[in-house]
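Work through the exercises below with the sequence and the 3D view at hand. Try each task before reading its solution.

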Amino acid sequence: MAATPIASPIPVAMYPTLSLFTLAIGLVITAFFFIYEATSSRKSRSLGKELAAAAIASVFLGFGSLFLLLASGVYV
């Protein structure tokens, strides 16, 4: 019984495009977070909105970094 090699569910040709889009989305959400922090007063800030923006930006920047590494040939 021969073992089958592990294959990526995403085509390798899509890695650069995915890295570009996920990094761009992550940077836009990060910019929103910084603008929100700079323009709102301490009393009008919402912890939920801050945590949601930070978590979503973190996920997109994490996947963007992963796909950038994969696109450049560093298979992690």
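## Exercise 1: a threonine and its surroundings

Task. Which residues does Thr-22 touch, not counting residues up to four places away in sequence?

Solution. Leaving out residues up to four places away in sequence, Thr-22 touches Phe-60, Phe-63 and Gly-64. The model is a predicted one. Next, place the residue: Thr-22 belongs to helix H1. Its relative accessible area is 12%, and buried means under 20%, so Thr-22 is buried. Two polar contacts of its side chain can then be located. The side chain of Thr-22 reaches the backbone oxygen of Leu-18 at 2.6 Å, and it reaches the backbone nitrogen of Gly-64 at 3.4 Å.

## Exercise 2: helix H1

Task. What span should helix H1 have at 1.5 Å a residue, and how far apart are its end C-alpha atoms?

Solution. Helix H1 covers residues 15–39, which is 25 residues. The rule multiplies 1.5 Å by one less than the number of residues. For H1 the expected span is 36 Å. The end C-alpha atoms are 36 Å apart, which agrees with the expected span.

Task. Against which element do the buried residues of H1 pack?

Solution. Start with the list: the buried residues of H1 are Tyr-15, Ser-19, Thr-22, Gly-26, Ile-29, Thr-30, Tyr-36 and Glu-37. These buried residues pack against helix H2, residues 47–71.

## Exercise 3: the end of H1 and the loop

Task. Thr-39 and Ser-40 are neighbours in the numbering. Is Thr-39 buried or exposed? Is Ser-40 buried or exposed?

Solution. Thr-39 is in helix H1. Its relative accessible area is 62%, and exposed means over 50%, so Thr-39 is exposed. Ser-40 sits in the loop between H1 and H2. At 15% relative accessibility, Ser-40 counts as buried.

Each side chain also has a backbone oxygen as a partner. A polar atom of the Thr-39 side chain lies 2.7 Å from the backbone oxygen of Ile-35. For Ser-40, a polar atom of the side chain lies 2.7 Å from the backbone oxygen of Tyr-36.

## Exercise 4: the salt bridge

Task. How many salt bridges does the structure hold, and which residue forms a salt bridge with Arg-45?

Solution. The structure holds 1 salt bridge. Arg-45 forms it with Glu-37, and the closest N and O atoms are 3.5 Å apart. Now check the accessibility of each partner. Arg-45, at 31%, counts as partly exposed. Glu-37, at 19%, counts as buried.

## Exercise 5: two alanines

Task. What distance separates the C-alpha atoms of Ala-52 and Ala-71?

Solution. Ala-52 is found in helix H2 and counts as partly exposed at 38% relative accessibility. Ala-71 is 19 residues from Ala-52 along the chain, and their C-alpha atoms are separated by 28 Å.

## Exercise 6: the whole protein

Task. How many helices and strands are in the protein, and why is it called more spread out than a compact globule?

Solution. The protein has 2 helices and 0 strands. Its radius of gyration is 17 Å, well over the 11 Å that the globule rule gives for 76 residues, so the protein is more spread out than a compact globule. The C-alpha atoms fill a box of roughly 65 × 25 × 15 Å along the principal axes. Of the 76 residues, 20% are buried. The accessible surface comes to about 5,700 Å², and 75% of it belongs to carbon and sulfur atoms. Finally, among contacts between residues at least 6 apart in sequence, 64% join residues at least 24 apart.

Terms used: This is a predicted model: local features need pLDDT of at least 70, side-chain atom pairs count only at pLDDT 80 or more; totals for chains, interfaces and linings use all residues. Side-chain values use heavy atoms; hydrogens and water are left out. Helices (H or I, at least four residues) and strands (E, at least two) are DSSP runs, numbered from the N terminus. The radius of gyration is taken over C-alpha atoms; the globule rule is 2.2 Å times the number of residues to the power 0.38. Buried means under 20% relative accessible area, exposed over 50%, partly exposed in between (1.4 Å probe, protein chains only). Contact means heavy atoms within 4.5 Å. Accessible areas come from the Shrake-Rupley method with a 1.4 Å probe; for residues, only the protein chains shown count as cover. A polar contact is a pair of N or O atoms within 3.5 Å; within protein, one must be able to donate a hydrogen and the other to accept it, and residues adjacent in sequence count only if both atoms are side-chain atoms. A salt bridge is a side-chain nitrogen of Lys or Arg within 4 Å of a carboxyl oxygen of Asp or Glu.
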